[in-house]
Amino acid sequence: MRLGDLLHNSLPVVIYGTPDVDIASLAYDSRRVAGRTDSGGTLFFALKGIVDDGLRYVRDAVEKGAVAVTTDRDADDRPPGTTFVKVADARRAMAEVADIFHRSPSRELSIAAVTGTNGKTTTTYMLDSIFTAAGLRSGVVGTIQYRLGNMQRPAARTTPESVDLQAMLRESLDAGITHIAMEVSSHSLEMKRVHSVRFSTAVFTNLTQDHLDFHQDMDAYLRAKLKLFETLDAGAHAVVNRDSPQYSAVAASTRSNVISYGMEHGADVTIEYTRLNMDGFKGKARTPWGKIELASPMVGRFNVYNALAALTAACSAGVPLDAAAEGIRRMSHVPGRVERIELGAFSAVIDYAHSPDALENLLSSLRPLTPGRLIAIFGCGGDRDRRKRPLMAAAVARHADLAVLTSDNPRSEPPEAIMDEAERGFGSFDAYRRVTDRRSAIHSALDEARAGDIVVIAGKGHEDYQILNDRTIHFSDREVVLEWRAARGGGQPPAAEA
């Protein structure tokens, strides 16, 4: 495509060179610039990042085959023969160009966006299961993986950059996919990764303290989330948690059709009763489309909310109510989300909970379902919001019988310093110990577990790595638990004391 045609929505401030050049590919990373061909070269977007600046890599991009560069700043070093385009907002321009370049695939797909602090991954997996139960070809884009038809890739980030995302959507459409469930993070909204994506449905799960290292305060965090609902078409559906304190703000932010879900009074979609145990939950959902028995092997009250969100979003998109209920019933687990591993007479539960509210929800849900002791292993990430560290320890202290404070992804911070800050939240709770090495922490808790106990390993969930100061190593909580079980021939624990 011609550069000038790609830029017609982006209102260039100034163009150095000619817009009459052929563009065959798009890139925001100079390492991914393709060589020039008969059909043209690469349009390189020189973005200002948090720790680096794309302008530093312009010459490298041009040497590899970039024929044009787009930026929102003045570029003093402009290699001859290369067209430079200055725009008001390079990220917005990149999203608009990517949409045009890939022929606006989102306008031919039914895409359900899910945003919120907690519940995004499970809700998207439930939606995917529902779409499949309804006989639709669907896919998932989110924290664990990008799975679209026969294409399956590990997720580099929860929501891909706009160039990658639009390419995936086009690939999905060409492969015959019709429905996609997508996690939309607050980072992606703030950084315009989903700008120009047309969503048919958007779900708001909740908003609790997290990511304040990026957003600075809760008001800014909410404003980022609202951007998703502000851009919905009038014919789209906004599915909003009626029990969330932010319900009114979200509902007021959109011109789309608002439909609420929840477990308290006043929701459009709710559940009349619930029976919760370690085998999942059962209840009767009351909806505008009728009443239906709802059952899921997913554990915890928070998963009732996730199921109601998925059911509401799917039915709003035209899926029959019975197919929605069947899809929820079929989905047995999500990797690293309340993932249960039987270890003889006790269980381990691996979960991604890495915020105060997520830990609170997880542990408060498991507490009444635990016949023995509830043992919690957790840590806090380095180079992230420090204010939530003692709040996480406080959540553990409210519900656990025993806690093991350990390392998560320390990144550039000393693990012991992170643990010092978290430890302050224990208050008078003293049934805990500190074990810096995460493998040793998990093994020590499993060694101590007795019949009827549940050992919760929180914070990393599906992740198979640990980010240290100078390197990233392979590390999986699940593999460590299975390693412990194999070493003990099944892991038979001692009997509980009378």
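Three exercises with worked solutions follow, all on a predicted model.

**Exercise 1. Threonine 42**

Determine whether threonine 42 is buried or exposed, and describe its surroundings.

Solution.
- Step 1. Locate the residue: threonine 42 belongs to strand β3, which covers residues 41-45.
- Step 2. Apply the cut-off: buried means under 20% relative accessible area. Threonine 42 has 0% relative accessibility and therefore counts as buried.
- Step 3. List the neighbours. Leaving out residues up to four places away in sequence, threonine 42 touches Ile23, Ser25, Leu26, Ala27, Val33, Ala34, Gly65, Ala66, Val67 and Ala68.
- Step 4. Look for a polar partner: the side chains of threonine 42 and serine 25 make a polar contact at 2.6 Å.

**Exercise 2. Helix α13**

Find how many residues of helix α13 (residues 389-399) are buried, and which elements they pack against.

Solution.
- Step 1. Count: 8 of the 11 residues in α13 are buried, and the helix is mostly covered.
- Step 2. Name them: the buried residues are Arg389, Met392, Ala393, Ala394, Ala395, Val396, Ala397 and His399.
- Step 3. Identify the packing partners. These buried residues pack against two helices, α12 (356-366) and α14 (415-423), and two strands, β19 (374-378) and β20 (402-405).

**Exercise 3. The second largest pocket**

Describe the volume and lining of the second largest pocket.

Solution.
- Step 1. Volume: the pocket has about 430 Å³.
- Step 2. Lining: 16 residues line the pocket, and Val194, His195, Ser196, Lys227 and Thr231 lie nearest its centre.
- Step 3. Classes: the lining holds 7 charged, 6 nonpolar and 3 polar residues.
- Step 4. Main contributor: helix α8 (residues 218-230) gives the most to this lining, with 3 residues.

Technical notes: Residues are numbered from 1 along each chain as its sequence is written. This is a predicted model: local features need pLDDT of at least 70, side-chain atom pairs count only at pLDDT 80 or more; totals for chains, interfaces and linings use all residues. Side-chain values use heavy atoms; hydrogens and water are left out. On a 1 Å grid over the protein atoms alone, a cavity is a set of points where a 1.4 Å probe fits but cannot get out, and a pocket is an open set with protein on both sides within 12 Å along at least five of seven lines; lining residues have an atom within 4 Å of a point. Grid points are joined across faces, edges and corners, and a volume is the space filled by probe spheres set on the points. Helices (H or I, at least four residues) and strands (E, at least two) are DSSP runs, numbered from the N terminus. Ala, Val, Leu, Ile, Met, Phe, Trp, Tyr, Cys and Pro count as nonpolar, Asp, Glu, Lys and Arg as charged, and the others, Gly among them, as polar. Buried means under 20% relative accessible area, exposed over 50%, partly exposed in between (1.4 Å probe, protein chains only). A polar contact is a pair of N or O atoms within 3.5 Å; within protein, one must be able to donate a hydrogen and the other to accept it, and residues adjacent in sequence count only if both atoms are side-chain atoms. Contact means heavy atoms within 4.5 Å.
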